[in-house]
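These are my notebook entries on a structure that I looked up piece by piece. I record what I asked and what I found.

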Amino acid sequence: MFGTLLNLQWKQARRSPAYEKSLVVKIILGFFIIYFALIFIALGFFSHKILAEVYPDQSPVASFNSFLLFYFLIDLVSRFMLQDLPVLAIQPFLHLPVKRNKLVHFVLLRSIPSVFNLLMLLVFVPFMLRAVVPVHGIGIALVWLASLLLLTFINNFILIYFKRQLTSNPKITLLLALVVGGLMLLDYLQVLSLRQVSMVAFGALLQQPWLIILPLLMLVGVYLLNYRFLMQHLYPEEIYVKRVATVEGSDMAFLNKFGDTGKLIALELKLIWRHKRPKSMVMISAFLLFYGLIFYTNKVYLEGWGMLIFVGIFVTGAPMFNYGQFVPAWQSAHYDALLTRPISTYQYVKAKYLMFVPSILLVTVLTLPYALFGTKVLLINLASCVFNIGVNSIVVLYFAALNKERLDLSNGSAFNWQGVGASKFVMMLPMVLGPVAIFLPFSFMDIPQWGIFALAFTGALGIVFHRQLLRKMAKRLEDRKYTLAAGYRQH
Amino acid sequence: MIIEVKDLVKAYSDTTVVNIQSLHVAAGETIGLVGNNGAGKTTLFRMLLDLVRPTDGVVTSKSIPVAHNDAWKYYTGSHLDEGFLIDYLTPEEYFKFIGDLHGLSTGDIQERLQPFMDLFNGEILQQRKYIRDFSKGNQKKVGIAAAALSHPELLILDEPFANLDPSSQIRLKNLLRSLHEQHGMTLLISSHDLSHVTEVCERIVILEKGQIVQDMQTTQDTLQALEAYFTV
């Protein structure tokens, strides 16, 4: 039975539209996956050296252990934000002669092989080989690794249990994040050191491997909790967390001032707010605000220019890139409705533009504190802001017309490749390389400041001529509308 | 002529799904389109609404080609499938959005929805639900009401009776008749229900394998003739 169910799952994945991508997309995705996998492996491989340098007075294994509890807490919080419930379509099996407990076990076990559970093995295994095995021997090292895996699975099942109960309540997630943040602060202030606890706990495990029984028991506990809950609620309407909450219609009155374009924007804002995928994309965009910290805290980058331009473009444009890559596919489910109503394509394109611009301005204002890293950062970010508004917004709209894959809005956006086509990657090239290309000649002439002004100037030109450019983009969308509409109709 | 179709062909690689030499729809006519699955009814409607590019031929509305033109959208209401609904809005928000596009005030919208109250059966308005959470039948009611909201000169509906319960079917039938009588609305509907379509429409067009095989005015014998035609 299990074999049959697995086989069906495999077919479901194999035959899902998300899997049927062109070869180019597969290659690019494969490249990204390998790239990130290598980063993680390298991290695991070298972390004992890094730890030995940062904490010279204790062994790398002890230092590593001291971070583990925090790691698992953060893991839990990020799962609350990113991980989706495993949706196995068990509905077709419920009326067939299949034992209920088998179905439940299958639903639960099926959740284990996922990115969230297996990604960190890429770090843990190299670290184990390099640091734990030489000191403690292979047997104990394997027990250590097993305990980490068990803890990961515990997190997995905790998440599933709570997410089923509470649906996805953002307040709970926020609360959890605050608690973890608070614990970190206490640790930093040396009031209550969770790191100390973590070091002792995992240290004890290395001395007395039988202690692995503790996480094992915990895992069995949460597993049974889930099992019992599901057994009692094995009805489609109770399992699938689709609660039809009562909703109030709303009217965004201030947008009415902008006429029909304003109404299109209001429509789009409701779309973002009332679907899971765009909503989680907004959340990810909020996190990307901190992207700059990775670069600005590094002197090597801070002295150069090119990397800072890249960061500036990316930081001020992140929400636009994230959202814009799926314009107009966000509306694929009702594209026919838009086409048969009296809405001109120019109005439509203008509404998109008028959503991009405030998002860029908002992000630019929010990232103003980066000025603390120097006026150079501030200048570059402001120039990037102008460039994003004037030029990159149009580039996004230009590539938008290539999106002809229907977008499923009901799943979260993290690790969600549904509807991602080659054009998304191609789109990134001119948006990032363009500004660098404008800047480079000035850099060669040794007047980099002028390069930044040139960047802003190009952006300003784009803003001045935005009407003409938007008309061109509208024309392009108009020319491709049959292709787009036909693509969006395909489920 | 509110709709004029000339030498209209739609072919996908080697199969021709629609091939119509000529079809004229005069203002004020009520036309029922019948035909088995795959006869090309929906594709024809999509071409009338400029949602599918014809392989050959043109569709004109009031002598203006519909392709790449917005003029017809102001006097044409349509509902083919769920793709015509903005399903994350509540029905009220959706009606408001459509009404706004046609410059209707909230009062206008309420007044124009009044005839639909029987059809809605108290299950559409003030339900505090998004359209996506309604049943198929109720979604269809929302779509039809939205299509007729602007009192369009031409109303195009694809299988309006499907998914509706018997009472709703009868109410919809009466509603369509009165929309035609009171506002002179031109109706173009497709249906698999031969008796409903002959009751509502004064002219019946039979489509088979993409071609018009019969085009007749409805008389007392039409229903029998249709039943005879489709009996195999």
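**Entry 1: the four-stranded sheet of chain B**

How many bridges join strand β1 of chain B to strand β4 of chain B, and in which sense do the two strands run? I note at the outset that I am reading a predicted model. I found four bridges between β1 (residues 3-12) and β4 (residues 56-61) of chain B, and the two strands run antiparallel. I took one pair from this ladder: K6(B) has V58(B) as its bridge partner in β4(B).

I then looked up the sheet to which these strands belong. It is an open sheet of four strands in the order β2-β1-β4-β5 (chain B), with antiparallel pairing. Its edge strands are β2 (15-25) and β5 (64-65) of chain B, each of which pairs on one side only. Helix α1 (residues 41-48) of chain B packs on this sheet, where it touches β1, β2 and β4 of chain B. I recorded an angle of about 120° between the direction of this helix and that of β1(B).

I also checked the loop between β4 and β5 of chain B, where S63(B) has its place. S63(B) is not a glycine, yet its phi is positive, at about 70°. Its relative accessibility is 61%, so I entered S63(B) as exposed, the cut-off being over 50%.

**Entry 2: the six-stranded sheet of chain B**

In what order do the six strands of the other open sheet stand? I read the order β6-β7-β8-β3-β9-β10 (chain B), and the pairing is mixed. Strands β6 (76-79) and β10 (211-217) of chain B each have a single partner strand, so one side of each has no neighbour in the sheet. From one strand to the next the twist averages 15°.

I looked up two of the pairings. Strand β3 (residues 30-34) of chain B and strand β9 (residues 203-208) of chain B are joined by four bridges in the parallel sense. Within this pairing, I204(B) in β9(B) is the bridge partner of G32(B). Helix α8 (residues 222-230) of chain B packs on the sheet and touches β3, β9 and β10 of chain B. The direction of helix α8 of chain B makes about 5° with that of β9(B).

The second pairing is that of β6(B) with strand β7 (residues 154-158) of chain B, which is parallel and has four bridges. Here H79(B) stands opposite L157(B) in β7(B). Are the residues T76(B), G77(B), S78(B) and H79(B) of β6(B) buried or exposed? I found all of them buried, with T76(B) and S78(B) pointing one way and G77(B) and H79(B) the other.

**Entry 3: the nonpolar cores**

How many residues make up the largest nonpolar core? I noted 143 residues, and those with the most contacts inside this core include W330(A), Y335(A), L48(B) and L176(B). Helix α19 (residues 375-400) of chain A gives the largest share, 12 residues. I followed L176(B) further: among the residues it touches are L155(B), L157(B), F161(B) and V200(B). Another core lies apart from the largest one and has 37 residues, including M120(A), F127(A), F202(A) and L206(A).

**Entry 4: the cavities**

I counted eight cavities of 30 Å³ or more. The largest holds about 160 Å³ of space. Which residues line the largest cavity? Among them are Y335(A), L338(A), L339(A), Y348(A) and L477(A), together with D70(B) and K73(B). Three elements of chain A give two or more residues to this lining, namely α17 (335-340), α18 (345-366) and α22 (466-479). The largest share, three residues, comes from α17(A).

**Entry 5: single residues of chain A**

Between V327(A) and P328(A) I found a cis peptide bond, with omega about -5°. P328(A) lies in the loop between α16 (306-324) and α17 of chain A.

Q190(A) is not a glycine but has a positive phi of about 60°. Its place is in the loop between α8 (170-188) and α9 (194-207) of chain A. Q190(A) counts as exposed because its relative accessibility is 72% and the cut-off is over 50%.

Last, I looked up F453(A), which lies in helix α21 (residues 448-464) of chain A. F453(A) is partly exposed, with a relative accessible area of 48%. F453(A) and L379(A) are 74 residues apart along the chain, and 8.9 Å separates their C-alpha atoms.

Technical notes
Residues numbered from 1 in each chain as written. Chains lettered and ligands numbered in written order. Predicted model: local features only at pLDDT ≥ 70, side-chain atom pairs only at ≥ 80, totals over all residues. Heavy atoms only, no water. Core = buried A, V, L, I, M, F, W, Y, C linked by side-chain atoms within 4.5 Å. Buried < 20%, exposed > 50% of the residue type's maximum accessible area, 1.4 Å probe, protein only. Contact = heavy atoms within 4.5 Å. Pairing = 2+ DSSP bridges. Axes fitted to C-alpha atoms, helices over the stretch in contact; angles between N-to-C directions. 1 Å grid on protein atoms, 1.4 Å probe; cavity = no way out; pocket = protein on both sides within 12 Å on 5 of 7 lines; lining within 4 Å. Points joined across faces, edges and corners; volume = space filled by probe spheres on them. Lists of a residue's contacts leave out its neighbours within four places in sequence.
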